Amino acid sequence: PDSSDGAYAGARDALIQGVIAAKDEARRRGFRQLTTGFNWFYRTDPNTEAGFWGYLRDHGGPAFIAAVDWVGLDAYPGTVFPPVESPGGERDGMVAAMSQLRRCFMPIAELGPRVPIHVEENGWPTGPGRAEDMQARSLQTMVRAVHDFRGTYGVTDYRWFDLRDHNTASANFQHHYGLLRDDYSPKPAFEAYRRLMDELALREPDAGLGRPRLALALRYGRARCAAVRATVIGADRPLVRRLDVSVGTRRLARIRRPPLAFTVRRRGLSPRHRYRLRVRATLADGRAMTLARRLRACAS
């Protein structure tokens with residue numbers, strides 16, 4: 001009855017072998033734009049969780065770790081775990097889910113901060129005793145929680161579950177996760193989600209071609225030391241092989257396999273002057289992109 005959550009015999013071995021096989025096939029075919037990962041459901045009992053992540057470590061080995069580009073989070077605060085939340089409490093549920101995955105469980109399997117989290121499933125169903133306007137409010141609370149803490153926990157992707165109800169007339173809440181009813185008429189959450197995506201989603205013309213998204217900041221601290229902060233964003237982050245960070249004509253750092261966000265420092269930058277910051281990203285397939293901006297150091 002719980003086969004989708006890995007209850008069947010050999011599921012853990014199948015997950016390990018499947019991730020490695022998928023990555024090997026992608027490499028063999030030259031599909032550098034294809035990333036590989038797996039999902040984790042938040043959450044079961046602590047012993048089961050520790051056993052699962054320890055099994056991945058003990059039986060996956062270096063081949064499995066090298067094949068994992070991201071780890072997916074499935075979280076349903078107010079519905080599954082925690083089963084009940086006070087209004088607005090879904091935010092705490094999402095933060096707890098991201099925190100446990102990043103800080104407690106991924107380290108057990110030796111999947112470190114370079115491996116981003118994808119929120120692959122997050123939902124709140126309607127149905128008997130579950131009002132549609134409450135779904136819209138819960139959706140906004142959870143999406144904004146992920147957005148606000150994405151840097152803290154290294155979250156690059158988000159997906160709502162689900163688009164359409166399976167059976168809106170059913171008394172079973174599990175048929176009611178959709179933003180649309182089963183006749184495709186929209187619930188209030190549909191327009192709420194559209195507005196959030198319009199406000200929060202990052203867009204670029206060639207997002208499907210594996211180009212990284214970059215952000216730059218320059219802050220001026222004590223002892224005339226300025227911090228240049230660069231952030232690599234998106235599911236395509238594992239494709240970045242190297243970043244070169246420069247201020248003016250001077251290269252500050254060359255970072256291989258960069259983390260989600262990093263800071264390099266240079267003394268002698270004045271907050272009264274503008275500086276040209278430049279980040280050049282070299283992708284795994286040899287292509288490159290450059291982001292350059294003239295910024296004034298702001299006080300930290």
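The following questions and answers concern helix α1 and the salt bridges of a predicted model.

Biologist: How far apart are the end C-alpha atoms of helix α1?

Modeller: Helix α1 covers residues 11-29, which makes 19 residues. At 1.5 Å a residue the helix should span 27 Å. The distance between its end C-alpha atoms agrees with that expectation, at 26 Å.

Biologist: Which elements do the buried residues of α1 pack against?

Modeller: The buried residues of α1 are Ala-11, Ile-16, Val-19, Ile-20, Lys-23 and Ala-26. Their packing partners are a strand at 37-41 and a helix at 46-67. These elements are β1 and α2.

Biologist: Which residue just after α1 takes a positive phi?

Modeller: Helix α1 ends at residue 29. Just after the helix, a positive phi of about 75° is taken by Gly-30.

Biologist: What is the N to O distance in the salt bridge of Asp-24 and Arg-27?

Modeller: Asp-24 and Arg-27 lie 3 residues apart in helix α1, about one turn of the helix. An α-helix has 3.6 residues a turn, so residues three or four places apart point the same way. Asp-24 is partly exposed, at 41% relative accessible area, and Arg-27 is partly exposed as well, at 48%. The side chains meet in a salt bridge, with an N to O distance of 3.6 Å.

Biologist: Which residue forms a salt bridge with Arg-137?

Modeller: The partner lies in helix α4 (residues 132-153), 4 residues from Arg-137, about one helical turn. Arg-137 is partly exposed with a relative accessible area of 45%, and its partner counts as partly exposed at 40%. The two side chains meet at 3.6 Å, N to O, and the partner is Asp-133.

Biologist: How many residues apart are Arg-144 and Glu-199?

Modeller: The closest N and O atoms of the salt bridge between Arg-144 and Glu-199 are 2.7 Å apart. This pair links distant parts of the chain, with Arg-144 in helix α4 and Glu-199 in helix α5 (residues 188-200), and the separation is 55 residues.

Biologist: Is Glu-199 buried, partly exposed or exposed?

Modeller: Partly exposed lies between the cut-offs of 20% and 50% relative accessible area. The partner Arg-144, at 32%, counts as partly exposed. Glu-199 has 48% relative accessibility, and therefore counts as partly exposed.

Biologist: How many salt bridges does the count come to?

Modeller: The salt bridges include the pairs Asp-24 with Arg-27 and Arg-144 with Glu-199. Glu-25, Arg-28 and Arg-29 are linked in a network of salt bridges. The count comes to 13.

Definitions and conventions:
Residues numbered from 1 in each chain as written. Predicted model: local features only at pLDDT ≥ 70, side-chain atom pairs only at ≥ 80, totals over all residues. Heavy atoms only, no water. Helix = DSSP H or I, 4+ residues; strand = E, 2+ residues; numbered from the N terminus. Expected span 1.5 Å × (residues − 1). Buried < 20%, exposed > 50% of the residue type's maximum accessible area, 1.4 Å probe, protein only. Contact = heavy atoms within 4.5 Å. Salt bridge = Lys/Arg side-chain N within 4 Å of Asp/Glu carboxyl O.
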